[in-house]
Protein chains: 2
Amino acid sequence: MTQIKQSSRDKILSAAAEVAREAGAGRLSLDAVAARAGVSKGGLLYNFPTKASLMRALVETFLTNFEQELDASHTAQDGLLSAYIKLSAIECAEAQHGATGVLAAIAEDPDFLKPIAAFKRRLLDRLKSESDDFGSLLVIYLALEGMRSLKLFETEVLTSEERDLAVESMLKIGAGRERNSTASL
Amino acid sequence: MTQIKQSSRDKILSAAAEVAREAGAGRLSLDAVAARAGVSKGGLLYNFPTKASLMRALVETFLTNFEQELDASHTAQDGLLSAYIKLSAIECAEAQHGATGVLAAIAEDPDFLKPIAAFKRRLLDRLKSESDDFGSLLVIYLALEGMRSLKLFETEVLTSEERDLAVESMLKIGAGRERNSTASL
DNA sequence: TTGACAATACCGTCCAGACGGTACAGTAGC
DNA sequence: GCTACTGTACCGTCTGGACGGTATTGTCAA
């Protein structure tokens, strides 16, 4: 019972992300999402009573997924910064990811930026506490933010080789500055 | 005559950016823009026959303004990279800038990303030709992209002091790598 | 074991309102 | 008298969401 509910919710959420990517973030309609998810509009509205609740779920699942993956990667041998760099690299190398749905949520209501901003700030503070060179950390943090931004907008500005080179440089800059770490490349 | 037309156009363009920022990028309506600009809807549609043409103008003016400012900053004493870093810093420190309108255009139609991506790629290639250390350049380029992204979404993740520190670090990383003097554009 | 009922998970229809866009008559200033 | 609008009225379309209906599954007393 929870199985069916879960899969239906997930289908809707990924359908929403797909529609947002194809039609444009501001052109996400419930009808289109329902059609994409193979669900009737009534069914969609059963799972998400309002459009706003769908958007909220889109943002929340994205953030919690990311945090879980980050915590999973952040093991003993990898410092948080290295884990964050590598996770971001993997995410940006993937063919598609759920961030386009987040963009749709923001287009719908700019208030959705608040939890995202809080999340980012919390992450930066965590990174800050593990670094000795705040200046370099900031540059790396911003560079990852930039990489994610380019990916988010699906503008293929960088080639995959350039992205790899950028990640390599970041690890080189960041590795030496990580507190108590045996950072490997 | 061109004066009046220009000021009216500009009023509409900045009004569109304001509406986008306040209501959300995906909630930009012509009625709201007209009201904001102190112009009738007829007047707006006289200047911009379709919504798409308004969006196009929003993107174009943003890109051309940026390129003009960059070329103006890029003097003999300042290399292109330094100029780009400083210009980005100034832009991100400003209370508001026109990029929110660009976001609205993207929300309306993802195709508007194409000219933006082309612009970014051209800029990166120009920077590339003036640098000896492509890895560091990429990190700086991405960091500026990230800074602009944070500003674009108006998420005040970084304090102004942190932003200054980041810029300082970028200049430090980038300055030594800049290929001196005669740069062929 | 079965029949009555209830909760879940949808479907299909309908509608008020918002939106982009058109048309056009009027007018202020150069 | 032309340019550059204003103001209003209107149309067709789309959208979010409300609502009533329904099939399936689960629960529980008799």
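**View 1. A:Lys41 and a base of DNA strand D in the predicted model**. In this predicted model, a polar side-chain atom of A:Lys41 is placed 2.5 Å from a base nitrogen of DNA strand D. A:Lys41 is also listed, together with A:Leu30, A:Lys51, B:Ser40 and B:Gly43, as coming nearest to DNA strand D among the 16 residues around that strand.

**View 2. Phosphate oxygens of DNA strand D beside A:Leu28 and B:Ser8**. From chain A, a backbone N or O atom of A:Leu28 lies 3.5 Å from a phosphate oxygen of DNA strand D, while from chain B a polar side-chain atom of B:Ser8 lies 3.4 Å from a phosphate oxygen of this strand. Of the atoms of DNA strand D that fall within 4 Å of the protein, 56% are part of sugar or phosphate, and the rest belong to bases.

**View 3. The protein surface near DNA strand D**. At least two residues of this surface are supplied by each of the following elements: helix 3 (41-47) of chain A, helix 1 (2-23) of chain B and helix 3 (41-47) of chain B. Sorted by class, the surface near DNA strand D is made up of 6 nonpolar, 7 polar and 3 charged residues.

**View 4. Chains A and B superposed**. Chain B is brought onto chain A, with an RMSD of 0.1 Å, by a rotation of 180 degrees combined with 0.0 Å of shift along the axis of that rotation. The two copies are therefore related as by a two-fold rotation axis. Both copies use the same surface, since 100% of the contact residues of chain B recur in chain A.

Conventions. Residues numbered from 1 in each chain as written. Chains lettered and ligands numbered in written order. Predicted model: local features only at pLDDT ≥ 70, side-chain atom pairs only at ≥ 80, totals over all residues. Heavy atoms only, no water. Least-squares fit on C-alpha atoms with pLDDT ≥ 70 in both. Contact = heavy atoms within 4.5 Å. Near = heavy atom within 4 Å. Polar contact = N/O pair within 3.5 Å; in protein donor to acceptor, adjacent residues only side chain to side chain. Helix = DSSP H or I, 4+ residues; strand = E, 2+ residues; numbered from the N terminus. Nonpolar A, V, L, I, M, F, W, Y, C, P; charged D, E, K, R; others polar.
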